[in-house]
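Got the model open in your viewer? Let's take a walk through it, one selection at a time.

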Amino acid sequence: MSKTESQETFSIAYVRKGNFEFKVFRNDLDAHHGLFLVCKPGYEHRVGHVHDLPDECTIFSLPAENLESFKGQTNEFSWFFNNPDIQSVLIKATPQTEHLHHIIFCELAKSRHDSLFIEQLVANLLLMVVSAGAPQAHPILSYKQKKFYLPIIESVKYYINDRFTDNISLTELAGIGHLSPFHFSRLFKQLTGVTPYTYLLKVRLAQATLLIRNTHLPITDIAFSCGFNSLEHFSASYKNIYGKAPSQLRF
């Protein structure tokens, strides 16, 4: 357990790998892969690292001068900002927010990158994380799940986000963790809340949304470039998840 620490910026941390304890005020938060840790500025906290479950995080910090503007865009998160008894909270990641983080992380790893584009992506990610409103209960994971199964899920998610345009099979994903397709499928849904196919579908749609908003590519080209085998399937899936046709994002 670390000594008492304090940070002066609003921050959102995505847990890329592993698990750690986050103690703030009277709350003990169990942060692990698949969660975002959202923290207000000005509160003391302590962090406990589990040495055989090493953790890695990406931390996005918002300077004080930008926080008020950010609050004005996040009415769904007013319950957090306006409640002095809540200093930090865990928000469950979605396939869409994890894909956006993956894009940002890969862009930052390049020797040359477009800073303005990355800043726009980060702003979108922060708004997506806090737009979900009050957090839904997420499953409490056992030590066994964190040590043996969570690393498999981490690897599979990375694989999907890196190869979502491929024709990925359940057997292929199960092979990453050396599991049977049935055992893997059950485990994936238990730890993420969605099936492997639904996760892949939402990642593809998240990438499509990014291209629709930031390029002038035809919708058909975007659909095929994101792994869909027909425009009809893409349009139906998009409307089913987002409630609107993909072309409506451009009006």
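Two rings of Phe, Tyr or Trp (for Trp, the six-membered ring) pair if their centres lie within 6.5 Å. By this rule the count comes to 13 aromatic pairs. Keep in mind that you're looking at a predicted model.

**Stop 1: a pair of rings**

Select Phe184 and Phe188. They make an aromatic pair of the tilted kind, with 5.7 Å from centre to centre and 50° between the planes. Both residues belong to helix H7, and they sit four residues apart, about one turn of the helix. Are they buried or exposed? Phe184 is buried, and so is Phe188.

Now add Pro196, which is in helix H8 (residues 196–214). Pro196 has a relative accessibility of 5%, so it counts as buried, the cut-off being under 20%. Which residues does Pro196 touch, if you skip those up to four places away in sequence? They are Leu170, Leu173, Phe184, Ser185 and Phe188, so both rings of your pair turn up again. While you're here, try a distance from C-alpha to C-alpha: Pro196 and Arg186 are 9.3 Å apart in space and ten residues apart in sequence.

**Stop 2: an odd backbone angle**

Next, click on His178. You'll find His178 in the loop between helix H6 (170–176) and helix H7 (181–192). Its relative accessible area is 72%, so His178 is exposed, the cut-off being over 50%. Check the backbone too: phi of His178 is near 55°, a positive value in a residue other than glycine. Most residues other than glycine have a negative phi.

**Stop 3: the nonpolar cores**

Time to look inside. In soluble globular proteins, nonpolar side chains tend to be buried together. The largest nonpolar core here has 26 residues, and those with the most contacts inside it are Phe10, Ile12, Phe36, Val38, Phe70, Phe77 and Ile104. Elements that give two or more residues to this core include strand E2 (10–17), strand E5 (35–39), helix H1 (64–71), helix H3 (95–108) and helix H4 (115–130). H4 supplies the largest share, seven residues.

Zoom in on Ile104 and show what surrounds it. Setting aside neighbours within four places in sequence, Ile104 is in contact with Phe60, Ile118, Leu121, Val122 and Leu125. Another core, of 20 residues, lies apart from this one; among its members are Ile152, Phe188, Leu191 and Val194. You've already met Phe188, half of the tilted pair.

**Stop 4: a cluster of rings**

Select Phe10, Phe70, Phe77, Trp79, Phe80 and Phe81 together. These residues form one aromatic cluster. Then add Lys40: where does it lie relative to Phe80? Lys40 is over the face of Phe80, at 5.0 Å from the ring centre.

**Stop 5: two buried histidines**

Begin with His33, in the loop between strand E4 (27–32) and E5. Its relative accessible area is 6%, so His33 is buried. The side chain of His33 makes a polar contact of 3.4 Å with the side chain of Lys157. Beyond four places in sequence, His33 has contacts that include Tyr14, Arg16, Glu98, Leu150 and Glu154.

Then hop to His99, which is found in helix H3. His99 is buried as well, with a relative accessible area of 2%. Which side chains share a polar contact with that of His99? One is Asn161, at 2.9 Å, and another is Gln207, at 2.8 Å. Leaving out neighbours within four places in sequence, His99 is in contact with Phe164, Val203 and Ala206 too.

**Stop 6: an open sheet**

Finish by switching to a ribbon view. Four strands form an open sheet in the order E1-E6-E3-E4, with antiparallel pairing. Which strands stand at the edges? They are strand E1 (5–6) and E4; each has a single partner strand, so one side of each is left without a neighbour in the sheet.

Follow the pairing strand by strand. E1 and strand E6 (residues 44–49) pair in the antiparallel sense over two bridges. Glu5 has His45 in E6 as its bridge partner. Strand E3 (residues 19–24) also pairs with E6 in the antiparallel sense, over five bridges. There, the bridge partner of Phe20 is His49 in E6.

Note on methods:
Residues are numbered from 1 along each chain as its sequence is written. This is a predicted model: local features need pLDDT of at least 70, side-chain atom pairs count only at pLDDT 80 or more; totals for chains, interfaces and linings use all residues. Side-chain values use heavy atoms; hydrogens and water are left out. Buried means under 20% relative accessible area, exposed over 50%, partly exposed in between (1.4 Å probe, protein chains only). A nonpolar core is a set of buried Ala, Val, Leu, Ile, Met, Phe, Trp, Tyr and Cys residues joined through side-chain atoms within 4.5 Å. Contact means heavy atoms within 4.5 Å. Rings of Phe, Tyr and Trp (its six-membered ring) pair if their centres lie within 6.5 Å; planes under 30 degrees apart count as stacked, over 60 as edge-to-face and the rest as tilted. A charge sits over a ring if NZ of Lys or CZ of Arg is within 6 Å of the ring centre and within 35 degrees of the ring normal. A polar contact is a pair of N or O atoms within 3.5 Å; within protein, one must be able to donate a hydrogen and the other to accept it, and residues adjacent in sequence count only if both atoms are side-chain atoms. Two strands pair if DSSP finds at least two bridges between them.
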